[in-house]
Structures are given as structure tokens and as C-alpha cells.
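Student: Could you take me through one part of this structure in detail? I would like a close look at a single helix pair and the loops and residues around it.

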Amino acid sequence: MQEREISIVVPCYNEAPALPHLYTELTALKQKLPGVSFEFVLVDDGSTDGTRDVIRDLSQNDADVRYVFFSRNFGKEAALLAGLEAARGKYVAVMDADLQDPPSLLPAVSYTHLRAHETPEHLVCRLLLEKKKKNTPTH
């Protein structure tokens with residue numbers, strides 16, 4: 001399992017029309033930061049509108065797109081948790097599928113600053129998440 005530098009986790013509930021637009025923005029971000037490895041973790045929270053099919057299509061055409069599918073709607077918090085647990089990135093960003101906060105708001109300057117000047121708080125949070133991942137039983 002290859003670690004990525006940045007994982008972008010996106011909870012999705014009935015977002016089929018929005019996902020192609022989101023994917024366009026995510027790939028534009030990836031092109032702006034060619035030296036940075038990304039993964040996009042899309043979590044379908046039991047959608048009924050074809051969101052799952054759109055996510056599957058995206059993942060078949062782009063190895064950087066990963067997904068988690070829920071059997072029914074468990075809520076945004078559960079989808080976020082599942083996405084965070086599935087994320088392999090050293091750093092994780094969470095975004096809404098409707099582009100309320102567009103991926104372009106994750107500028108290269110912030111990433112470079114974080115990588116070069118990681119604060120103790122960032123380090124503690126990252127270590128706690130890494131510890132949680134190591135202690136999470138697998139099925």
C-alpha cells in the first residue's frame with residue numbers, strides 16, 4: 001500500500017450531478033502540484049441517485065480515486081470517519097462534493113508551509129491518527 005502525501009476525503013450523499021465537476025477541480029489541483037502525490041477518497045453514504053456508479057466510473061479511469069460504499073445512509077460524520085480511516089495520505093483534507101469549498105483553496109503554499117513547518121499540534125494529531133490506524137482491527 002503506497003502512502004500518498006495528500007488524501008482528499010469527500011463524503012457523498014446523492015451527489016451524482018456534482019461529482020464530475022468535483023473531479024475536474026481535483027484533477028486541476030493535481031496538475032498544479034505535479035510533485036505531490038494525491039489520492040481522492042470518495043465515500044458514498046447510501047446514495048439513491050447513481051452516485052455509486054459515478055464514483056465507480058471515476059475510479060476505473062483514475063488510480064488516484066478510491067472509494068468506500070455504505071449499504072445505507074449513516075450520516076456525514078460516519079462517512080467522514082470511514083474516509084479518514086481509509087485515507088493513506090500523510091496529510092488529509094476534507095471537502096464537500098458540492099464544491100462549497102473548492103479544491104483550489106488548498107494552495108501549494110499551504111502544503112509547502114505545513115510540510116516544512118509542521119507544528120507540534122499537527123504532529124500530535126497525525127501520530128494519533130497513525131496510532132489509531134495501526135490499532136484498528138481489520139476484518
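Tutor: Happy to: what follows starts with the whole chain, then turns to the helix pair, and then visits several residues one by one.

Please keep in mind that this is a predicted model. The chain has 139 residues, and 37% of them count as buried. Its secondary structure comes to five helices and four strands. Read from the N terminus, the elements follow the order β-α-β-α-β-α-β-α-α. Among contacts with a separation of 6 or more, 77% are between residues 24 or more positions apart. The chain exposes about 8,200 Å², with carbon and sulfur atoms supplying 56% of that area.

Now to the pair itself. Two packed helices are described by the angle between their axes and the distance between the axes. Helix α1 covers residues 19–32 and helix α2 covers residues 51–61; the two pack at an angle of about 30°, and their axes are 10 Å apart. Angles under 35 degrees count as roughly parallel, so α1 and α2 are roughly parallel to each other. Their crossing is right-handed. On the α1 side, the residues that take part are Leu19, Pro20 and Tyr23, and they meet Thr51, Val54, Ile55 and Leu58 of α2. Sorted by class, this contact has six nonpolar residues, one polar residue and no charged residues.

A good place to go next is the loop between β1 and α1, where Ala16 is found. With a relative accessible area of 13%, Ala16 is buried, because buried means under 20%. Setting aside neighbours within four places in sequence, Ala16 is in contact with Asp49, Gly50, Thr51 and Val54. Thr51 and Val54 also belong to the α2 side of the helix contact. The C-alpha atoms of Ala16 and Thr51 are 4.2 Å apart in space, while the two residues are 35 residues apart in sequence.

Asn14 is found in that loop too, between β1 (4–12) and α1. Its backbone may interest you: phi of Asn14 is near 55°, a positive value in a residue other than glycine. Asn14 is partly exposed, at a relative accessible area of 28%.

One more residue ties into the helix pair. Cys12 lies in strand β1 and, at 1% relative accessibility, counts as buried. Leaving out neighbours within four places in sequence, Cys12 is in contact with Leu19, Leu42, Val43, Asp44, Asp45, Ser47, Thr51, Ile55 and Ala97. Leu19 of α1, together with Thr51 and Ile55 of α2, takes part in the helix contact as well. Cys12 and Gly75 are 63 residues apart along the chain, and their C-alpha atoms are separated by 9.7 Å.

Asp45, one of the residues that Cys12 touches, leads us on to Arg72. Leaving aside neighbours within four places in sequence, Arg72 is in contact with Asp45 and Gly46. Arg72 is found in the loop between β3 (65–69) and α3 (76–86). It is partly exposed, with a relative accessible area of 49%; the exposed class begins over 50%. From C-alpha to C-alpha, Arg72 and Asp44 are 9.0 Å apart in space, and they are 28 residues apart in sequence.

Let us finish with the loop between β4 (89–94) and α4 (108–116), which holds Leu106. Leu106 counts as partly exposed at 23% relative accessibility. Beyond neighbours within four places in sequence, Leu106 is in contact with Ile6, Ile8, Leu29, Ala93 and Met95. Leu29 falls in the range of α1, residues 19–32, which brings us back to the helix we began with. The C-alpha atoms of Leu106 and Ala93 are separated by 8.4 Å, and the residues are 13 residues apart along the chain. Leu99 is also found in the loop between β4 and α4. Like Asn14, Leu99 has a positive phi without being a glycine, here about 65°. Leu99 is partly exposed, with a relative accessible area of 24%.

Terms used. Residues numbered from 1 in each chain as written. Predicted model: local features only at pLDDT ≥ 70, side-chain atom pairs only at ≥ 80, totals over all residues. Heavy atoms only, no water. Axes fitted to C-alpha atoms, helices over the stretch in contact; angles between N-to-C directions. Parallel < 35°, antiparallel > 145°, perpendicular 65-115°, else oblique. Left-handed = near helix turned anticlockwise from the far one by under 90°. Contact = heavy atoms within 4.5 Å. Nonpolar A, V, L, I, M, F, W, Y, C, P; charged D, E, K, R; others polar. Buried < 20%, exposed > 50% of the residue type's maximum accessible area, 1.4 Å probe, protein only. Areas by Shrake-Rupley, 256 points an atom, 1.4 Å probe, with all protein chains shown as cover.
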